[in-house]
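Trainee: I should like to understand the terms used for this structure, and the grounds on which each of them is applied. May we begin once the structure is in view?

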Amino acid sequence: MVYTSTLNAAQRQIVENYLAAKYNLTITGDVYVGDASGFDFDVAGIGRGSGASHTEASSAGLFLSTYNGSLDTDGEFVLTGRAAGSNSVINCACAGYPGSIQQRWGRTWFVDKTTAGALDAAVSFDFSDGISGLFPQNKNDYELLYSSDGGTTFSIVSIPSADKSINGDKMVFRAPNAALLDGIYTLGTTNAAQSPVNGLANKTWYSYQSGNANDPLVWTLDGGVTPLYVNPSNETPAAADNVVITSGKTVTLVADNFSVNNLEIFGTLDLVQFSGHTTTSISGTGRIRLAGSASNLDNFPTGITTAFANATTGGTVEIYGTSSFSLNQTRLFNDLIINKTAGVVSLNANYTLNGEFTVSTGEFRFGTVASNFIVFGDIQINTGTTLSVASANVRHQFNIYGDFTNNGATVQFTNRGAANFLAEATDGIVDFNLLNDTQNQAVTCNGLTRFYRIEIDKGTDDTYVASFSANNPTNFSLFGYANDNDGSIPQLLSSNNAFALLRGTAEIRTNITVPILSDNGNYNISVGAQLWVNGGTVLNNAGNSTVPYGKLRVSGGLFESRVNAGITTRDNGTIIVEGGVVNTNQIRTSVLGALNVGGYVQTGG
């Protein structure tokens, strides 16, 4: 025997175990017992001895390698060998297999781990060597199978999805020390139709380079980190195939009806203005760009977007181009960016964003069909852009759970140019609703911002704050109906008034003026609410009274209630004056009895 390279101590011990298994020898340092059970072909392994290591090995389709740096103690070894015979596919609809397993590789390997410590190892199955298939498909369709009784029965080794991966033509399982037991192993699949163990069913295509989707040179079957170009029949993805657009690559559509099974995006998919696209599901952290269909409608693909819309692991939808078009389909997204150079994007369906909403360039409009727009992340309306509402007799709900910032745009949630507190508008309304019940929210108006109605409903009490500020007094306006009488209701559940404070704290800061609370009867500050004037101005100089069931707090700025009954405390309602100015006709307790006296605390102002 001639060795073409020097063997270190670990490699020599592994080679000696290989020779002992092949020739049925007894040796010192035997760390592989599988040969006694007939698993004495292609014995290979990883290990450490005398301070030297061997970290990667292959055995006729099964690869072993280390991870987590756990091969760190002399005497740690993992060796494997296979039984006789060529590989094949075994259908598993019979006794001895978990019910979810549909097929497995016919070839099995004995794995022997020798260590006094903890040794994690990656167990990989090489489709090009083990069974002469193409490439593995969806990683979650594959399972690592284990037998402790000589191969009569198999069980699934519990490997989390995050510890499974596809590396080129290899299916990789990262098995921690506790999961890697001595015994027989092979590969199984739970989905023989989509991901068979011979790799020959519906394919998974990866973007090999940027380009158009109809070009075979764009697609490869190799999903490795540095992929090879593998496309033996010059194909493009078919409707039953899976598609992964890899990071840094942009695939652009050049025709309608791009249809695939599962679509996973880490780079960019540009739909341009083509439409009719279908998928089963969409996932990934990348970006889908669209410019509206040729018929001026939404051209996003059909399919379940739950994973793509995940706030942590989801992606971004970017709307661009020069055409005006309508978002006419109910959607669930993560981040949404409006990035248009011309034209208007109109919302005419219900939208939910788990991430952020940004108007970067162009105009976004609430359209002529009433819609609910829910945004759980922050909202940025950038300089030079427009957010508007169509002039139609419809009312939209804008439900906001993050911060809202106008960075110098024109924002109009009403088409009114002046307030009319006595009548509802009939030419387009957007209710601006601040609803986060677990954290504070900030509304910053550094550009023209015209509100129709603002609702604050943040949980069960006044713990969480909705703060309003502007860089100029002209940048905040409130023009909606304000003619509701709240009556004797300690906790409001709804209100039609333009400034509808239900639960939570509304902080009115510099350059913000709320021109009226109610033109009719009483305006209640509910038990679970606090109206906090902190540098701004709040006026209630019409109606009958301002009625705190909760807290009226003034730390700076001006609060006025120059009406007949002034400020009337009810229940445990409290007036707190820390600074600023309060002007009122009177401060009084309620006529509703001895339990409605409230309190008054002044430390400044």
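**Terms set against values**

Trainee: What is the make-up of the lining of the largest pocket by class?

Mentor: The lining of the largest pocket holds 11 nonpolar, 16 polar and five charged residues. Ala, Val, Leu, Ile, Met, Phe, Trp, Tyr, Cys and Pro count as nonpolar, Asp, Glu, Lys and Arg as charged, and the others, Gly among them, as polar. Please note that this is a predicted model, in which local features need pLDDT of at least 70, side-chain atom pairs count only at pLDDT 80 or more, and totals for chains, interfaces and linings use all residues. Residues are numbered from 1 along each chain as its sequence is written, and side-chain values use heavy atoms, with hydrogens and water left out.

Trainee: What makes a space a pocket, and what volume does the largest pocket have?

Mentor: On a 1 Å grid over the protein atoms alone, a pocket is an open set of points with protein on both sides within 12 Å along at least five of seven lines, and its lining residues have an atom within 4 Å of a point. The largest pocket has a volume of about 800 Å³, a volume being the space filled by probe spheres set on the points. Among its 32 lining residues, Lys139, Tyr206, Val244, Glu264 and Phe266 are the closest to its centre. Two or more lining residues come from each of S12, strand S15 (204–207), strand S18 (242–245), strand S20 (262–265) and strand S22 (278–283).

Trainee: Why are S12 and S13 said to pair?

Mentor: A strand is a DSSP run (E, at least two residues), numbered from the N terminus. Two strands pair if DSSP finds at least two bridges between them. Four bridges join S12 to strand S13 (residues 170–175), and the two run antiparallel; the criterion of at least two bridges is therefore met. One of the facing pairs is Lys164 with Phe173 in S13.

Trainee: In which sheet do these strands lie, and which strands are at its edges?

Mentor: They belong to an open sheet of five strands, in the order S3-S4-S9-S13-S12, with antiparallel pairing. Strand S3 (56–59) and strand S12 (164–167) are the edge strands, as each pairs on one side only. From one strand to the next the twist averages 20°, on a scale where angles run from 0 to 180 degrees between N-to-C directions of axes fitted to C-alpha atoms.

Trainee: How do you know that Arg174 and Asp163 form a salt bridge?

Mentor: A salt bridge is a side-chain nitrogen of Lys or Arg within 4 Å of a carboxyl oxygen of Asp or Glu. For Arg174 and Asp163 the closest N and O atoms are 3.6 Å apart, so the pair meets the 4 Å limit. Arg174 is in strand S13 and Asp163 in the loop between strand S11 (155–156) and S12, 11 residues apart. The structure holds 21 salt bridges.

Trainee: Are Arg174 and Asp163 buried, exposed or partly exposed?

Mentor: Buried means under 20% relative accessible area, exposed over 50%, and partly exposed in between (1.4 Å probe, protein chains only). Arg174 has 31% and Asp163 has 23%, so each is partly exposed.

Trainee: What do the same terms give for the salt bridge of Arg331 and Asp298?

Mentor: Their side chains meet at 2.9 Å, N to O. Arg331 lies in strand S27 (residues 331–333) and Asp298 in the loop between strand S23 (287–290) and strand S24 (302–304), so parts 33 residues apart in sequence are tied together. Arg331, at 13%, is buried, and Asp298, at 11%, is buried as well.

Trainee: Which residues are linked in a network of salt bridges?

Mentor: Arg395, Glu424, Asp431, Arg453 and Glu455 are linked in this way. The side chains of Glu455 and Arg453 meet at 2.6 Å, N to O; Glu455 is buried at 15% and Arg453 at 6%.

Trainee: Why is strand S41 called mostly covered?

Mentor: Five of the six residues of strand S41 (residues 465–470) are buried. Strand S38 (residues 441–445) runs parallel to S41 and is joined to it by five bridges, with Ala442 opposite Ser467. S41 also pairs in the parallel sense with strand S43 (residues 499–508) over four bridges, and Phe468 stands opposite Ile508 there.

Key: On a 1 Å grid over the protein atoms alone, a cavity is a set of points where a 1.4 Å probe fits but cannot get out, and a pocket is an open set with protein on both sides within 12 Å along at least five of seven lines; lining residues have an atom within 4 Å of a point.
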